[in-house]
Amino acid sequence: MRRLHALRPAPVDEQGQQLVSFCGHCGLRPDPHAPPPPSRVCGHCGLGLVLQAAVDLAPRPDEPFLVVDTSLSVCAVSAAAEALFAIDETDAVNKHIADFLVPADANAPSAENLLALLVDVAAGSREACTAVVRPRQEYGVRFWARIGPCGSPRAALLVLS
Amino acid sequence: MSVLRTHAAAAMLGVSPNTLRSWERRFGYPTPQRTAGGHRQFDLAEIEALRQAFEETHNVSSAISVARERGSGPSSPTRLRSALRRFDEVEADRILEESLAVRSVERTVEEVLLPSIDGLGAAAGESPSAELGFALRWAAGWLAAAKRVAPAPTRPEGVLIFDASATCDIDALHAQALELCLRRAGVRTLLLTAELDASRLAHVLQAIDPRLVVLTGRRAWRDAVSRIAYQTRGAVNLVEVLDFRGALGDSGYSSVPRLGMSAVVARDLLLARLNADHQPARPRRAPGLAKVS
């Protein structure tokens, strides 16, 4: 049975990029050889739903990340991001992303504006990209962020590194 | 109200029972009731709402937020209790209106209104909370309004209910619920307090001419209730006295038939008795009535 699961084709997105699954809270990747779980809830932490993203974009367990939908509301906050921003996920969900992160370069051209970027990615009209961001009300701290689509349902994944 | 035990609810969501309990601690949702033995009982509608939200969101906390905002589908005692705990009269009215769209008045009372207030009940010996006091007054008002729009009686027989419940007692609502159910079934029904002077019942017995007398409310002096039963039996010919929700206690010696704890079940039993006695004509008036008054 284990061998049969191992023979399953790896999932790919519309561009043919290999997708990996990860928990929307702890970031752990479920064992690809294990039988499919009965639900999307992460079997490890029990606080996240299993999402999929391109293998280059998906976070490692220690990387903080957020998931944002097309209305720029925060849909998920990883445990590492909770620690980084000193927030509780239950307080952060449904808040605007600008309450937590803003572009590090305020003079960036509109095409590179963080919020426009996130909306485009969440809507599926833009590929994965990178941006420089900083926490709101914090100066002198910058993060490189990988931004790309994830799902389901479709949303923008913002991984800080 | 459909309820699930912890393992069944966890299986429905595809998680372990421990995970479900951890959500209850962390998010306060889903909110289970407790059985007398302390076991959790989850509202099926809440679990179903959460299961649907998992398909539409990215994390458990956002799924819970969606399930909460959307409400748990059809009106449930949990939603009504939550509104009553917030003293939100408008929301409570709205939940019962929603329930009336999918349930009869009787089912709304039995499955939504009364269980929600039962869940707010104070433990024995404790004084009632402000929430319970508010909920009882609101529910009594709702039942009174429903009674006001009940159809006119269509049956000749009358039913008299003596309520011996105390202030801030859920039994008073059950008595009101029974009166409402009987009125909606076309039976002439009158609900009176059991604190009346038992020797001065002649006028009401003459006006209602009850075929059945129901005693309810567990907090009255037992001899007062017994006196009413005695006087009624002596005053009206062929009257039958019945016990609703244990008014006469569980001594085991009482010969008074019991109607159980549910207003709808009690109504059905009362109607069955009325129907059984409807065929032969019974004497109109008790000859000994004048002696009582």
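**Exercise 1. Getting to know chain B**

What percentage of the 293 residues in chain B is buried? Work it out, then describe the make-up of the chain and how far to trust it.

*Solution.* Start with burial: 42% of the 293 residues in chain B are buried. Next, go through the secondary structure, where chain B has 13 helices and seven strands. Then turn to the contacts: of those in chain B that link residues at least 6 apart in sequence, 68% join residues at least 24 apart.

Remember that this is a predicted model, and look at the confidence. Chain B has a mean pLDDT of 81, with 82% of its residues at 70 or more. Finally, check the weak stretch: over residues 284–293 of chain B, pLDDT stays under 50, and the model has 17 contacts beyond four places in sequence for them. Where pLDDT is low, the predicted coordinates should not be read in detail.

**Exercise 2. The antiparallel sheet**

Find the three-stranded sheet of chain B, give its strand order, and name the helices that pack on it.

*Solution.* The three strands form an open sheet in the order 1-3-2, with antiparallel pairing. The edges are strand 1 (3–5) and strand 2 (33–34) of chain B, each of which pairs on one side only. Now follow one pairing: two bridges join strand 2 of chain B to strand 3 (residues 40–43) of chain B. Within this pairing, Arg34(B) has Arg40(B) as its bridge partner.

Add the helices last. Helix 3 (residues 44–54) of chain B packs on the sheet, touching strand 1 and strand 3 of chain B, and its direction makes about 60° with that of strand 3 of chain B. Helix 1 (residues 6–13) of chain B lies across strand 1 and strand 3 of chain B, at about 95° to strand 1 of chain B.

**Exercise 3. A covered helix**

Which residues of helix 5 of chain B are buried, and what covers them?

*Solution.* Helix 5 (residues 77–85) of chain B has seven of its nine residues buried, so that it counts as mostly covered. The buried ones are Pro77(B), Thr78(B), Arg79(B), Leu80(B), Arg81(B), Ala83(B) and Leu84(B). Then look at what surrounds them: the cover includes strand 3, helix 3, helix 6 (89–102), helix 7 (105–118) and helix 8 (130–148) of chain B. One last detail sits just after helix 5 of chain B, where Phe87(B) takes a positive phi of about 60°.

**Exercise 4. A helix pair**

How do helix 7 and helix 8 of chain B run relative to each other, and which residues meet?

*Solution.* Take the axes first: those of helix 7 of chain B and helix 8 of chain B come within 11 Å and cross at roughly 170°. An angle over 145 degrees counts as roughly antiparallel, and therefore helix 7 and helix 8 of chain B are roughly antiparallel to each other. Next, list the residues: Val105(B), Leu113(B) and Ile117(B) in helix 7 of chain B meet Ala135(B), Leu136(B), Ala139(B), Trp142(B) and Ala146(B) in helix 8 of chain B. Sorted by type, this contact has eight nonpolar residues, no polar and no charged.

**Exercise 5. The parallel sheet**

Trace the four-stranded sheet of chain B and find its edges.

*Solution.* The four strands form an open sheet in the order 5-4-6-7, with parallel pairing. Strand 5 (188–193) and strand 7 (240–244) of chain B each have a single partner strand, so one side of each is left without a neighbour in the sheet. Neighbouring strands of this sheet are turned by 20° against each other on average, direction ignored.

For one pairing in detail, six bridges join strand 4 (residues 158–163) of chain B to strand 5 of chain B. Here Ile161(B) has Leu191(B) as its bridge partner in strand 5 of chain B. To finish, helix 12 (residues 263–276) of chain B lies across strand 4, strand 6 (210–216) and strand 7 of chain B, running at about 155° to strand 6 of chain B.

**Exercise 6. Where the chains meet**

How many residues of chain A are in contact with chain B, and of what types are they?

*Solution.* The contact brings 21 residues of chain A together with 15 residues of chain B. On chain A, strand 4 (74–77) and helix 3 (89–92) each supply at least two residues of the side that touches chain B. By type, that side of chain A has twelve nonpolar, seven polar and two charged residues. For confidence, the predictor gives the complex an ipTM of 0.76 and a pTM of 0.51.

Terms used
Residues numbered from 1 in each chain as written. Chains lettered and ligands numbered in written order. Predicted model: local features only at pLDDT ≥ 70, side-chain atom pairs only at ≥ 80, totals over all residues. Pairing = 2+ DSSP bridges. Contact = placed C-beta atoms within 7 Å. Axes fitted to C-alpha atoms, helices over the stretch in contact; angles between N-to-C directions. Nonpolar A, V, L, I, M, F, W, Y, C, P; charged D, E, K, R; others polar. pLDDT = per-residue confidence, 0-100. Buried ≥ 20, exposed ≤ 12 C-beta atoms within 10 Å, placed from the backbone. Parallel < 35°, antiparallel > 145°, perpendicular 65-115°, else oblique.
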